[in-house]
Structure formats: C-alpha cells, structure tokens
Amino acid sequence: MSIFEYNGSALVAMVGKNCFAIASDRRLGVQLQTVATDFQRVFKIHDRLYIGLSGLATDAQTMYQKLVFRHKLYQLREERDMKPQTFASLVSALLYEKRFGPFFCQPVIAGLGDNDEPFICTMDCLGAKELAKDFVVSGTASESLYGACESMYKPDMEPEELFETISQALLSSVDRDCLSGWGGYVLLVYAALLTPTEVQEKILKGRMD
Amino acid sequence: MPLTYDREALFDRFPLASKSKNLSHLFDPRKDIPKSSFGVRMVKMTDLPTKGGFSFDLCTRNQMLLDKGVQMPPFRKTGTTIVGLVFQDGVVLGADTRATEGPIVADKNCEKIHFMAPNIYCCGAGTAADTEAVTDMVSSQLQLHRYATGRESRVVTALTLLKSHLFSYQGHVSAALVLGGVDVTGPHLHTVYPHGSTDTLPFATMGSGSLAAMSVFESKYREGLTREEGIELVAEAICAGIFNDLGSGSNVDVCVITKGQTEYLRNYQLPNPRTYISSKGYSFVKGQTEVLSTKITPIQSKVQTVEGGDAMEE
C-alpha cells in the first residue's frame with residue numbers, strides 16, 4: 001500500500017478567462033474506513049492565492065502551517081502579499097529541502113498574479129514544479145482526473161462554465177476512486193474588470209460511498 | 001555549497017564518499033536525532049527558516065513507515081531523450097518534453113533544457129526535482145563567480161561544480177546531465193552521470209531514449225557540420241527517442257549555442273499534435289451540478305496610504 005493511499009484525496013485546478021478554480025474532495029479516511037466527510041484540503045494563503053495539498057493528511061496540514069508561517073514573515077518584511085510564482089518557488093524549496101526524507105504531499109497552487117493573470121502549478125512530493133496553462137491534478141484519483149480534464153477542458157471559459165466543468169471533472173473522477181469522494185468543494189476566484197474581485201466557495205453534492 | 005579552491009577543503013567536501021551506501025550514518029541511533037555529516041549545527045523545530053542545504057528531520061519517521069510495509073511514492077522522473085553535439089561554430093543541445101510519474105504522463109510539455117549561464121545550457125534526465133534543483137544551484141553559483149571574477153563563465157567551471165556536488169551525495173541525487181556551451185576556449189560538450197563521473201565528447205545522448213538517439217548520431221554524425229545540419233541531426237535523434245522510447249514523447253526542444261549568441265528554440269518541432277478533440281467539446285448547462293451551499297466573498301482591495309499628505313493639526 002502506497003503512503004499516498006493512506007488517506008485518499010483528489011485535487012484539481014483549472015484556468016479560465018480572468019478566473020481560476022481549485023476543487024477538492026472532502027473525504028478523510030484511514031485506509032478503507034472513512035473518518036471525516038468535511039476535511040479541508042484547499043487552504044487560503046492570501047486573498048488571491050490558494051494551495052491544495054493532497055497525500056498524507058498530517059503532512060498536508062504541517063506543510064500548510066509552515067507555509068502560512070513563511071508567508072506571514074514575508075508579509076512583515078515586504079509589506080505586501082507574495083506573488084504566486086514566488087510562492088511556488090517557496091513551496092518547491094521547502095519540499096526539496098526534505099529530499100531524502102520527504103513530506104508525502106503533492107501541492108496544487110492556484111492564484112492571480114500580475115494584471116490578474118491566473119496562475120496554476122503542481123509539484124511532486126520532492127518539489128519538481130509543473131507549470132501548466134490549462135489544468136493540474138493531484139491525489140489518488142489523479143489518473144481519472146487527467147482523463148476527465150483532458151476531454152472536458154476548453155480554453156478561455158467564463159466563470160460559470162469553468163465552475164460546471166471543474167465540478168463535473170471532479171465528480172466523475174472520484175466516482176472511479178474508492179479512496180476519494182464524499183462530496184466536493186470548489187473555490188472559484190474571478191477577477192472582473194469593473195466589479196471587485198470575488199471568491200465563490202461551493203460545496204457539491206456527490207455520491208456518499 | 002561554498003566555492004573553495006583549497007585542496008584540504010576538498011577532502012572536507014566529500015565526507016559522504018567514505019561512508020556507507022545507505023543514509024544510516026546520518027542518524028545517531030542512541031538519541032534518535034539526525035546529525036549532519038558536514039558538522040553543521042542541526043536545526044531545531046523552533047528555529048527560523050534554515051540556512052540552506054538538505055534537512056533530514058523526517059527520515060526517522062519515513063524509515064518507520066517503510067519498516068511497516070508502506071511503499072515510497074514514485075517521484076516525477078523525466079524518462080527522457082537528451083542529446084548534444086558539437087558543430088563547426090558551437091554546440092547544439094536537444095531534448096524531448098515528456099515528464100512521467102510512474103507510467104502516467106504528468107507533463108506533456110515540460111522544459112528539460114535548463115539555463116546555466118548566457119553561454120552555457122544543460123539538459124537534465126532522471127528525477128525531475130534533482131535536475132531542476134542542481135542546475136538552479138550551479139547556475140546561481142556561476143552567477144556569483146561571474147561577479148567575483150568579472151569574466152564570462154567557462155563550461156569546465158559548471159562541470160566541476162556539478163560533478164563535485166553529485167559525487168558528494170554518492171548518486172542519491174539522481175541527475176544525469178548533458179552540459180554544453182561555448183566559452184573563450186571554444187565549444188565544449190560533456191555528460192555528467194548521477195554518481196559524479198563525466199565524459200567529454202563530440203556528440204552525446206542520455207536518458208531512457210539514449211540508445212535510439214545514439215543510433216542516429218553514430219550513423220550520421222561527422223565533424224564540421226553546419227548549423228542547419230546540426231539542428232536537423234539533433235531533431236532527428238530526439239524524434240527517434242520520442243517515437244521508439246516510451247519514456248520520451250511530445251515535442252522537440254533545441255538550443256543552439258555559438259560564440260556570443262544563444263538561441264533557445266522551444267518546441268522546435270511538434271510531431272505529436274492532438275487531433276482527437278471533438279470540435280464541439282463538452283458544454284455543461286449552468287446549474288447542472290448540484291450545489292449544497294454557496295459562499296461569496298468580495299475581496300477588499302488593500303487601502304493605499306498617500307505619502308506627503310496634509311500636516312496634522314496642532
């Protein structure tokens with residue numbers, strides 16, 4: 001049994017037109033037993049930057065605490081929020097530091113950079129960055145997620161369509177994975193031109209098996 | 001790692017070379033605290049961000065998990081075909097663009113030709129995190145060296161930095177590299193293996209697709225190729241890797257380095273376009289997904305303070 005299959009997880013992030021969405025499942029399990037159905041995997045770093053952490057849940061929470069600590073120090077020193085590209089390098093460095101005794105978590109980073117340009121990126125548990133322009137996936141359901149996203153993704157989607165696409169991709173993939181599912185959580189950040197940037201968080205109804 | 005030229009310092013820099021193959025010498029079993037073989041004070045949990053280098057905090061816990069029968073996860077590798085050749089005016093480097101995670105393609109268009117110096121580039125195969133980290137680190141060291149010496153970097157400098165780092169980690173940093181560049185002494189092409197050995201060659205291939213690419217080079221390489229012939233040959237060798245090796249795929253990246261000029265031709269050839277997309281695509285109706293609850297938060301833009309406003313009243 002692989003260490004990533006101990007808790008089970010599914011994470012996906014997608015880019016749309018002036019918006020991005022990051023979605024996760026809600027199950028926390030101990031191998032085949034479900035322990036919680038409202039587990040948080042997507043965390044906020046600052047208003048325009050979110051990180052999802054899949055893999056071993058304890059390492060995901062520890063990584064999140066370390067990252068929030070580093071970001072708060074950065075905010076105190078620089079008097080501003082970190083850009084997503086810088087944050088991705090920080091996560092990569094923290095993971096690579098533990099090269100010979102790694103954290104068993106795979107992050108998915110999504111944020112709005114300069115000029116409200118959406119940015120997504122994923123890494124393996126050692127910090128090898130993969131910057132994608134369309135979608136990134138992570139977790140035990142990643143193989144199904146790759147397939148679902150490849151077929152369902154279209155470039156330059158509006159926020160409503162992006163929400164529907166990412167939800168359908170997530171729900172259909174976790175249906176084919178025993179270790180993830182039990183509902184879905186989608187966070188969508190939309191930077192419109194005239195109205196202020198808004199963050200939508202939605203809980204999805206999914207199969208509870 | 002600091003750059004030193006002392007012979008004595010050299011022995012200090014290779015402490016791991018004399019130790020055992022696994023990492024057990026790094027742990028003090030009596031106290032269960034990891035100790036560093038470089039004699040640096042180990043970082044405690046309450047310390048501020050570490051000063052650099054590897055940290056072995058989690059090794060005891062991971063070893064305990066391994067003993068319980070849990071398998072280590074597969075790291076992202078770059079299955080890869082990477083090549084380089086020397087032509088009459090300089091060096092041409094080539095690489096495919098597939099990154100794999102076990103049998104799955106993690107990235108269909110990753111960059112395997114890394115920047116080291118304006119006149120030196122390096123292709124990397126092996127564990128993706130290791131190739132990226134080691135090339136980034138040596139690139140920064142070369143930049144500092146350029147500031148210190150005031151001269152253009154030489155390929156042998158990059159080579160020595162890479163091989164000494166990889167040797168000191170005894171092959172555990174799994175990076176196989178093809179390093180090429182043009183400096184004052186002329187064009188150079190080297191291969192670096194994960195254990196730290198190097199070769200200097202007129203044409204070289206590395207990675208899982210190296211045999212396919214080498215067959216193309218061995219039949220068609222000759223000295224004194226022109227720039228166009230060099231690029232054609234490199235592209236043909238990478239395509240041989242892409243089509244015949246399962247660990248390599250997608251597109252061909254080429255980098256041409258000559259005296260005073262470097263051209264990075266990203267996605268020089270795209271022999272695997274995606275042709276199976278349905279023109280209509282999926283279109284989901286708004287409201288198709290069942291939602292249990294929604295929360296919308298507008299983001300407050302941060303207040304900007306104005307410098308030099310009115311003076312306060314007495």
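**Where chain A meets chain B**

Let me begin with a small group of residues: A:Glu150, B:Lys108 and B:Arg274 are joined in a network of salt bridges. I should say at once that this is a predicted model, and that everything I describe today was computed from it.

Let me turn to the interface as a whole, where 55 residues of chain A are in contact with 59 residues of chain B. Between the two chains an area of about 5,000 Å² is buried, and carbon and sulfur atoms give 57% of that area. In chain A, the residues that lose the most area to chain B are A:Tyr96, A:Glu97 and A:Phe100, which together make up 14% of what that side buries.

As for polar links, 22 residue pairs are in polar contact between chain A and chain B, counting pairs with both residues at pLDDT 80 or more. Several elements of chain A give two or more residues to the side that touches chain B, including helix H1 (57-78), helix H2 (84-97) and strand E12 (198-204). The element that gives the most is H4(A), with eight residues, and the residues of this side of chain A divide into 23 nonpolar, eleven polar and 21 charged.

Strand E12 of chain A also pairs across the interface, since seven bridges join E12(A) to strand E16 (residues 291-298) of chain B, and the two run antiparallel. Within this pairing, A:Gln200 stands opposite B:Ile296 in E16(B).

Now, how many salt bridges lie between chain A and chain B? The count is six, while a search of the whole structure finds 19 over all chains. In one bridge between the chains, the side chains of B:Asp130 and A:Arg99 meet at 2.5 Å, N to O.

Another is formed by B:Asp57 and A:Lys98, whose closest N and O atoms are 3.6 Å apart. B:Asp57 lies in the loop between strand E2 (33-34) and helix H2 (59-67) of chain B, and A:Lys98 in the loop between H2 and strand E7 (105-112) of chain A, so the pair joins two chains. Is each partner buried or exposed? B:Asp57 is partly exposed, with a relative accessible area of 31%, whereas A:Lys98 is buried, at 3%.

Finally, a salt bridge inside chain B: B:Arg266 pairs with B:Asp253, with the closest N and O atoms 2.7 Å apart. B:Arg266 lies in strand E15 and B:Asp253 in strand E14 of chain B, so this pair ties together parts that are 13 residues apart in sequence. Here B:Arg266 is partly exposed, at 28% relative accessible area, and B:Asp253 is buried, at 0%.

Key: Residues are numbered from 1 along each chain as its sequence is written. Chains are lettered from A and ligands numbered from 1 in the order in which they are written. This is a predicted model: local features need pLDDT of at least 70, side-chain atom pairs count only at pLDDT 80 or more; totals for chains, interfaces and linings use all residues. Side-chain values use heavy atoms; hydrogens and water are left out. Contact means heavy atoms within 4.5 Å. Buried area is the accessible area (1.4 Å probe) that two parts lose on being put together, summed over both. A salt bridge is a side-chain nitrogen of Lys or Arg within 4 Å of a carboxyl oxygen of Asp or Glu. A polar contact is a pair of N or O atoms within 3.5 Å; within protein, one must be able to donate a hydrogen and the other to accept it, and residues adjacent in sequence count only if both atoms are side-chain atoms. Helices (H or I, at least four residues) and strands (E, at least two) are DSSP runs, numbered from the N terminus. Ala, Val, Leu, Ile, Met, Phe, Trp, Tyr, Cys and Pro count as nonpolar, Asp, Glu, Lys and Arg as charged, and the others, Gly among them, as polar. Two strands pair if DSSP finds at least two bridges between them. Buried means under 20% relative accessible area, exposed over 50%, partly exposed in between (1.4 Å probe, protein chains only).
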